[in-house]
Amino acid sequence: GVRQQHTSINRAYMNLSRFRANTIVGGCAARPQRRSIWSVAAIAIAAGACGGGEPTARNNDDVRTLRVSVSSTGVDVDPDGYLVSIDDAGSERLAVNGFLTRTVPAGARRVRLSGLSSNCTAIDGPERTITTGEQEVIVAFVVTCRIRQLAFSSNRSGTYQVYLMDRDGANVRQLTNVAPPAIAIVGSWSSDGSKLLFSSNEGGDHDIFVMSADGSDRRPLTTSPGLDGSADWSPDGTRIAFRSERDGNSEIYVMRADGSGQSRLTSTPGIEDGPRWSPDGSRIVFQYRVPGTPPEVRVMNADGSGMRSLTDPAVDHYHPDWSPDGSRIVCVSQPDHIREIIPSDLFRTLFVMNADGSGRKQLTNPGDYAILPQWAPDGRMIAYTAVVGGRYQLRTTDGDFTTVNRLSVSGQSDDYLAVWRP
């Protein structure tokens, strides 16, 4: 009888605890909700009021109201907003021009703003440490965003140089100044947008160089015989993948960001080119071709293992690039209906597929000759090169691929291979 009575008491206590946890939110009646750690603290303090009395003066002294606001200025503000965390106790979404109010324990608190696009910067930094000495404390972040930019190659000066422009084609400025007949071909940006890779044959052999975003501090990363190019920076900024013909065949290599530790990843009878790191840095996608057969898109692990084809070997596929979330790959191929009628190299358009090669879908107009696609860092646009009247011209298309923006229309020069600045 005593054991049965003890069990009943325990059951009643557990039911009472569940009732209180589901009803105590500020006042004494509310629906069950998921709470952050600070909301849980507030519930615990407010529990005294639900017993019929007012919170004690000591409880009021232990709780503060924290208001976090953000205002965003500039061009290309990220519409997805930002993330706010208080003492790393989980993150909450905050609009680009919005605020949130939370109840927190008194004392020192650390507030952090994250989730900023790479073209946006929090003035005075993304983290604040404050002491909640007053009843209400306000933390205000100001974010400024620059217009997105693209580097590209053009022969408008008489030989191919590397240029920088805004995503609308404005504010074009030249970054390299190699002497003809040498050329400079754009590579890729570092993840923070401060440095840019390019390749040039100014010294005789075609080598890979790095420079600052304004064209200064140029220095070589490779000096081997043969052609080195198509360099792509890893997402963490520590490695660079590239193609090289130093061993007599075009293969994929990797090196450290300072040019040291150059090693070969592939060894096949085919020709590899255009390596692109996956957003998580675990894989590399590239184009592969055996002479006399259509080029295909392949993927391998970052160490060169696990190589496999993603595309139909009977159909041309090349110039692959990852979507920013790593779920899809954009590439170049022949329009389906044209390929069945005219197997010709005169028609090229953009396709997108899942990262495993499935779900292949045509994006651009079949009448366009589109090559060299690259996804924008925010995933909402793709830049590519179009062939118009025998000239290379740059284009961008929006996320649903219904609007095409022309970035170069002069027809007096060749502009191609646009790469987004992070």
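Before I begin, one term: a residue counts as buried when its relative accessible area is under 20%. With that in hand, please keep in mind that what we are looking at is a predicted model.

Let me start with two tyrosines, Tyr-160 and Tyr-416, which are both buried in that sense. How are their rings arranged? The ring centres of Tyr-160 and Tyr-416 lie 5.5 Å apart and the planes stand at 80°, so this pair is edge-to-face. They come from distant parts of the chain, since Tyr-160 sits in the loop between S9 and S10 while Tyr-416 belongs to strand S32, and 256 residues separate them. Together with Tyr-392, these two tyrosines form one aromatic cluster.

For contrast in the angle of the planes, consider Phe-198 and Phe-209, whose ring centres are 5.4 Å apart and whose planes meet at 15°, so that pair is stacked. Phe-198 lies in strand S13, residues 195-200, and Phe-209 in strand S14, residues 207-212, with their positions 11 residues apart. Both of these phenylalanines are buried. The count of aromatic pairs comes to five.

Now let us turn to the strands around those tyrosines. Strands of a sheet pair through backbone hydrogen bonds, and they may do so in a parallel or an antiparallel way. Here we find an open sheet of four strands, in the order S11-S10-S9-S32, with antiparallel pairing. Its edge strands are S11, residues 173-174, and S32, each of which pairs on one side only.

Strand S9, which covers residues 149-154, has six of its six residues buried. Gln-149, Ala-151 and Ser-153 point one way from S9, whereas Leu-150, Phe-152 and Ser-154 point the other way. Six bridges join S9 to S10, residues 161-166, and four bridges join S9 to S32, residues 415-420. In the hairpin of S9 and S10, six residues lie between the strands, and among the hairpin residues Gly-158 takes a positive phi near 110°.

Which residues stand across from Ala-151 in the two neighbouring strands? In S10 the bridge partner of Ala-151 is Leu-164, and in S32 the residue opposite Ala-151 is Val-419. Leaving aside neighbours within four places in sequence, Ala-151 is also in contact with others, including Val-186, Trp-189 and Leu-196.

This brings us to the interior. In soluble globular proteins, nonpolar side chains tend to be buried together. The largest nonpolar core in this model has 32 residues, and Ala-151, Val-162, Val-186, Trp-189, Leu-196 and Leu-350 are the ones that touch the most other members. Apart from that core lies another one of 20 residues, among them Val-68, Ile-86, Ala-122 and Cys-145.

Cys-145 deserves a second look, because it forms a disulfide with Cys-120, the sulfur atoms being 2.0 Å apart and the torsion about the S-S bond about 110°, so the disulfide is right-handed. The pair links distant parts of the chain, with Cys-120 in strand S6, residues 120-123, and Cys-145 in strand S8, residues 136-145, which puts them 25 residues apart. Both cysteines are buried, and a search of the whole structure finds one disulfide. As for Cys-331, its relative accessibility is 1%, so Cys-331 counts as buried.

Finally, there are two arginines to point out. Arg-156 lies over the face of Tyr-163, at 5.4 Å from the ring centre, and Arg-298 lies over the face of Tyr-288, at 3.7 Å from the ring centre.

Methods:
Residues numbered from 1 in each chain as written. Predicted model: local features only at pLDDT ≥ 70, side-chain atom pairs only at ≥ 80, totals over all residues. Heavy atoms only, no water. Core = buried A, V, L, I, M, F, W, Y, C linked by side-chain atoms within 4.5 Å. Buried < 20%, exposed > 50% of the residue type's maximum accessible area, 1.4 Å probe, protein only. Contact = heavy atoms within 4.5 Å. Pairing = 2+ DSSP bridges. Disulfide = S-S within 2.5 Å. Phe/Tyr/Trp six-rings, centres within 6.5 Å; stacked < 30°, edge-to-face > 60°. Lys NZ or Arg CZ within 6 Å of the ring centre and 35° of its normal.
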